[in-house]
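Please work through the exercises below with the sequence and the coordinates at hand, attempting each task before reading its solution.

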Amino acid sequence: MQRCDAYRTVVRGELTAVRALPDGRVRVTVRVSDWLRPPSGEPTARFDVPAPAGDAYRAGQRVLVEVPRQEDAPPRVTTGRGDTERRLRVLGCG
C-alpha cells in the first residue's frame with residue numbers, strides 16, 4: 001500500500017483562518033489549491049487539528065493537511081512551501 005493510501009484526505013493550499021476550539025484543538029480553514037486525496041472537492045475546506053507547538057498557524061501560510069483513515073490518529077498539518085513539498089514526496093501523493 002502506498003503511504004498516500006493511508007489517508008482519507010490530503011489537501012494542499014493556503015491557510016485563510018484559524019480558530020481555537022474549547023478542547024485544545026484549532027479549526028483551520030484552507031483555500032485548497034490541490035485535492036490529492038480524494039482527487040476533487042470544494043475550493044475551501046475546514047479541519048479540526050491539534051494545536052501547533054511553537055509558532056501558531058497564520059493566515060497566508062502554505063499548508064498540507066493530512067487526515068488519516070485510522071479514526072484515532074490525529075490530522076497532521078505541515079506548513080511552508082518547502083516542507084509541504086518534501087512531505088508530499090514522502091507520502092507519494094501528487
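The exercises that follow go from the overall fold to single residues.

This is a predicted model, in which local features need pLDDT of at least 70 and side-chain atom pairs count only at pLDDT 80 or more, while totals for chains, interfaces and linings use all residues. Residues are numbered from 1 along each chain as its sequence is written, and side-chain values use heavy atoms, with hydrogens and water left out.

**Exercise 1. Describe the secondary structure and the overall dimensions of the chain.**

Begin with the elements, where helices (H or I, at least four residues) and strands (E, at least two) are DSSP runs numbered from the N terminus. The chain has 1 helix and 5 strands, and along the sequence these follow the pattern β-β-β-β-β-α. Next, take the radius of gyration over C-alpha atoms and compare it with the globule rule, which is 2.2 Å times the number of residues to the power 0.38. The radius is 12 Å, close to the 12 Å that the rule gives for 94 residues, so the chain is as compact as a globular protein of that length. Finally, the C-alpha trace spans about 35 × 30 × 25 Å along its principal axes.

**Exercise 2. Establish the strand order of the sheet and place the helix against it.**

Two strands pair if DSSP finds at least two bridges between them. By that criterion the 5 strands form an open sheet in the order 3-2-1-4-5, with antiparallel pairing. Strand 3 (44-50) and strand 5 (76-79) are the edge strands, each pairing on one side only. Strand 1 (residues 7-20) and strand 4 (residues 62-68) are joined by 7 bridges, and V10 has E66 in strand 4 as its bridge partner.

For the helix, contact means heavy atoms within 4.5 Å, and axes are lines fitted to C-alpha atoms, for helices over the stretch in contact, with angles from 0 to 180 degrees between N-to-C directions. Helix 1 (residues 81-91) lies across strand 1, strand 2 (25-37), strand 4 and strand 5, and runs at about 35 degrees to strand 4. T84 lies in helix 1, and, leaving aside neighbours within four places in sequence, T84 is in contact with R62, V63, L64, T78 and T79.

**Exercise 3. Find the disulfide and characterise its two cysteines.**

The criterion is a pair of cysteine sulfur atoms within 2.5 Å, and it yields 1 disulfide. C4 is joined to C93, with an S to S distance of 1.9 Å; the link of C4 and C93 is right-handed, with 110 degrees about the S-S bond. The pair links distant parts of the chain, since C4 lies in the segment before strand 1 and C93 in the segment after helix 1, 89 residues apart. Buried means under 20% relative accessible area, exposed over 50%, and partly exposed in between (1.4 Å probe, protein chains only). C4 counts as buried because its relative accessibility is 5%, and C93 is likewise buried because its relative accessible area is 5%.

**Exercise 4. Determine the surroundings of R69.**

R69 is in the loop between strand 4 and strand 5, and counts as partly exposed because its relative accessibility is 45%. Not counting residues up to four places away in sequence, R69 touches D5, A6, Y7, R8 and R37. R69 and A6 are 63 residues apart in sequence, yet 5.8 Å apart in space, C-alpha to C-alpha. A polar atom of the R69 side chain lies 2.7 Å from the backbone oxygen of D5.

Key:
Polar contact = N/O pair within 3.5 Å; in protein donor to acceptor, adjacent residues only side chain to side chain.
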